[in-house]
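Subject: Structure for you to look at

Hello,

Here is the structure I said I would pass on. My notes on it follow below.

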Amino acid sequence: MPVRYNHVGYVPEAPKIFFVDVSDFHAEGSFEIIDEKGSTVYGGSLVQGTFGYKGVCEYSGENLWTGDFSAVRSEGRYSIRVPGCFVQADSTSENVNSRGFYQTEFFEISDSWIFSQLQANIKSFFYQRSGVELPEIFAGKWARPAAHFDRNIGFHKMMGREGSWDARGGWYDAGDYGKYIVNGGISVGTLLLACLLGADSNEKISRVINEGGSFEQPFSLKEEIRFELDFFLRMQDMDGGVFFKVSPEHWDGFISPRDSDLLQKRLILGKSTTSTLNFAGALAQASVVFRKDDSAFASTCLEAALKAYGWALKNPDETWPHNTEGSGGYGDEHYDDEFFWARAALFCALNEMDRKDSVLEKILELLPSDMEKNPAAFGMDWRDTQNMGWILLAEQNYDLELQNRARDALTKVAAEIVRLQGEDAYGLAIRRFIWGSNGEASNHALTLLVVSGWQNELNGKKLVDCSREMLNFVYGRNPVNTCFVTGAAWSSPRNPHHRLSHSDGVDDPIPGLVVGGINCDRQDGHRAPHYPGDLPGLSYTDERCSFASNETAINWSSPLTAALLLLCCR
Ligand code: 9MR
């Protein structure tokens with residue numbers, strides 16, 4: 001199928017760009033926008049190349065031309081028609097009629113789709129809740145009974161520790177039933193950042209952050225975050241260190257949580273510098289976000305964060321549990337970036353609580369060298385967390401020198417993202433598609449949106465527009481013609497590598513989940529997935545076995561949630 005567009009929609013006042021692959025498709029050079037009644041509302045010409053890119057895309061083999069219908073601003077449902085095609089590769093497509101034009105499925109032009117997607121994303125965290133019942137009134141056909149209580153679980157033998165622990169609650173990490181602090185930390189930290197930045201923007205967003213109770217959004221974003229934080233607090237050991245993960249003894253099959261309970265023991269594994277610092281960073285952020293609503297909870301979070309930080313200072317290189325028998329590794333032996341995040345978050349929290357003590361003094365002393373050691377990146381993930389440090393420092397007002405330095409570094413990063421976007425056929429700043437490329441693209445969008453907040457209007461708008469182009473990729477304008485969010489469009493994944501979706505007896509997968517997407521490393525090759533071609537950009541398949549391209553994960557949903565939320569603040 002030769003037309004590449006956002007399958008969900010475009011926003012009225014934003015640029016609206018699609019691409020046509022002319023390699024096996026002889027476009028005549030024109031296109032039309034058709035409304036739901038079948039009338040042509042706009043006609044335009046295709047222009048060779050995309051953004052700054054001309055020629056054959058090296059990772060997809062496509063020769064893309066651009067159609068721009070930014071002039072269409074009325075809300076409604078539309079499709080794109082490209083006349084004059086002789087389709088070779090796809091001649092059986094129902095979308096190609098006898099007159100030889102290609103017409104896409106319908107998509108929206110509206111202000112509301114971003115908001116609906118935001119709600120769907122937030123709700124996807126609700127669906128990932130472990131240990132609690134999901135009642136039908138909120139979960140609809142995906143209702144499920146409580147399971148995986150994790151109230152009284154033992155420690156893996158590698159820990160040499162007797163007894164049991166209460167590790168209930170929290171979100172499942174991904175398509176598996178593990179609960180991991182490292183990845184939970186960056187995910188909840190990203191959502192907390194969204195709360196921080198969106199706090200005073202507008203009434204609609206304030207409701208998303210503070211009010212739940214509807215089918216669309218059972219819990220406010222803060223309540224959803226708190227569900228994870230309560231689990232985090234349980235994962236802190238007496239000495240301040242934080243356990244690494246809760247894992248089944250062996251990998252679960254595609255069975256329900258209840259069946260998993262019947263078949264498997266669940267265990268606590270490890271206590272590392274990374275898990276303890278991710279905890280410290282996230283909990284310190286939480287103390288700021290929850291201060292006004294619940295000062296007692298905020299203090300609990302801050303005390304727990306300080307205790308964790310203290311443990312990490314004494315144990316600065318405690319490694320991850322090298323065990324992947326029943327859960328993912330999340331192995332990382334580089335700790336500077338986690339220290340930076342934790343210190344930046346604690347710096348903000350201690351100032352916020354007016355605790356100008358010796359810990360704060362010491363942190364202030366160390367932050368400049370943290371900045372030195374951890375240059376700002378395009379985005380953050382479970383392994384490289386320094387951007388959380390940079391963003392938190394850029395957004396605080398307690399130390400203007402640090403603020404300036406952070407803003408300056410991130411502004412340069414944003415300029416580089418924009419420059420690279422101009423060189424890529426699909427407008428991405430990604431130069432190699434790795435595991436979770438949709439998370440990466442969403443993180444790039446998030447960085448641009450954050451930086452746009454302190455630019456003048458013109459520069460700010462440019463960054464916002466660039467961020468939209470990255471989301472266009474996630475929502476369908478990509479070489480595999482797929483909207484990577486479940487339930488969002490006609491092309492959304494039907495068979496994600498997601499145990500909850502495959503064990504609930506419901507045909508439709510749980511909605512609002514982001515799959516990893518194109519991943520040229522194809523680590524699932526031994527499962528024989530049917531990738532549509534050999535080129536790196538074709539490394540995605542909507543098959544359950546493809547854990548390397550079609551698994552969902554909370555750390556890919558969270559930057560998308562944050563980016564959508566910030567777009568709604570505009
Ligand atoms: O997202 C993780 C990716 O960056 C790693 O390369 C990959 C292999 O270690 O693991 C991914 O995370 C998976 C985790 O290990 C287990 N739960 C599912 C996660 C998403 O695929």
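The side chains of Glu303 and Arg355 form a salt bridge, with an N to O distance of 2.7 Å. Glu303 belongs to helix H8 (residues 295-314), while Arg355 sits in the loop between helix H9 (336-352) and helix H10 (358-373), so this pair ties together parts that are 52 residues apart in sequence. Glu303 is partly exposed, at a relative accessible area of 41%. Arg355 is also partly exposed, with a value of 28%. Please keep in mind throughout that this is a predicted model.

Other salt bridges

The whole structure contains 31 salt bridges. Besides the pair above, I looked at two others and at one network.

Lys412 and Asp408 meet through their side chains in a salt bridge of 3.1 Å, N to O. Both residues lie in helix H12 (residues 400-421), and because they are four residues apart there, about one helical turn separates them. Lys412 is exposed, with a relative accessible area of 56%. Asp408, at 41% relative accessibility, counts as partly exposed.

A further salt bridge joins the side chains of Arg494 and Asp508 at 2.8 Å, N to O. This pair links distant parts of the chain: Arg494 is in the loop between helix H14 (457-474) and helix H15 (499-502), and Asp508 is in the loop between H15 and helix H16 (547-550), 14 residues apart. Arg494 counts as partly exposed at 42% relative accessibility, and Asp508 is partly exposed at 25%. As for the network, Arg161, Asp237, Asp239 and Lys271 are joined into one by salt bridges that share partners.

As general background to these pairs, side chains of opposite charge can pair when their charged atoms come close.

A buried asparagine

The loop between H14 and H15 also holds Asn478. Is Asn478 buried or exposed? Its relative accessibility is 0%, so Asn478 counts as buried, the limit for that class being under 20%. The side chain of Asn478 has polar contacts with the backbone. A polar atom of the Asn478 side chain lies 2.8 Å from the backbone oxygen of Phe473. The side chain of Asn478 also reaches the backbone nitrogen of Asn481, again at 2.8 Å.

The ligand site

Which residues surround the ligand? They are Asp173, Ala174, Asp176, Tyr180, Gly328, Gly329, Tyr330, Trp382, Trp435, Glu551 and Trp556. By class, this shell divides into six nonpolar, two polar and three charged residues.

Polar contacts to the ligand involve side chains of the shell, among them those of Asp173, Tyr330 and Trp435. For Asp173, a polar side-chain atom lies 3.2 Å from a nitrogen atom of the ligand. In the case of Tyr330, an N or O atom of the side chain is 3.3 Å from an oxygen atom of the ligand. Trp435 places a polar side-chain atom 3.1 Å from an oxygen atom of the ligand. Taken alone, the ligand exposes 450 Å², and the protein buries 80% of that.

Strands and sheets

One open sheet is built from five strands in the order S12-S11-S15-S14-S13, with mixed pairing. Strand S12 (164-165) and strand S13 (179-180) are at the edges and have a single partner strand each, so one side of each is left without a neighbour in the sheet. The partner of S12 is strand S11 (residues 153-155), and the two pair in the antiparallel sense over two bridges. Within that pairing, Gly154 has Ser164 of S12 as its bridge partner.

Elsewhere, strand S3 (residues 17-21) runs antiparallel to strand S7 (residues 64-68), and five bridges join them. Val20 has its bridge partner in S7 at Trp65. Strand S7 also pairs with strand S6 (residues 47-48), in the antiparallel sense and over two bridges. Here the bridge partner of Val47 in S7 is Thr66. When you look at the strands, recall that in a regular strand the side chains alternate between the two faces of the sheet.

Regards

Note on methods
Residues are numbered from 1 along each chain as its sequence is written. This is a predicted model: local features need pLDDT of at least 70, side-chain atom pairs count only at pLDDT 80 or more; totals for chains, interfaces and linings use all residues. Side-chain values use heavy atoms; hydrogens and water are left out. Two strands pair if DSSP finds at least two bridges between them. A residue is near a molecule or strand if one of its heavy atoms lies within 4 Å of it. A polar contact is a pair of N or O atoms within 3.5 Å; within protein, one must be able to donate a hydrogen and the other to accept it, and residues adjacent in sequence count only if both atoms are side-chain atoms. Accessible areas come from the Shrake-Rupley method with a 1.4 Å probe; for residues, only the protein chains shown count as cover. Ala, Val, Leu, Ile, Met, Phe, Trp, Tyr, Cys and Pro count as nonpolar, Asp, Glu, Lys and Arg as charged, and the others, Gly among them, as polar. A salt bridge is a side-chain nitrogen of Lys or Arg within 4 Å of a carboxyl oxygen of Asp or Glu. Buried means under 20% relative accessible area, exposed over 50%, partly exposed in between (1.4 Å probe, protein chains only).
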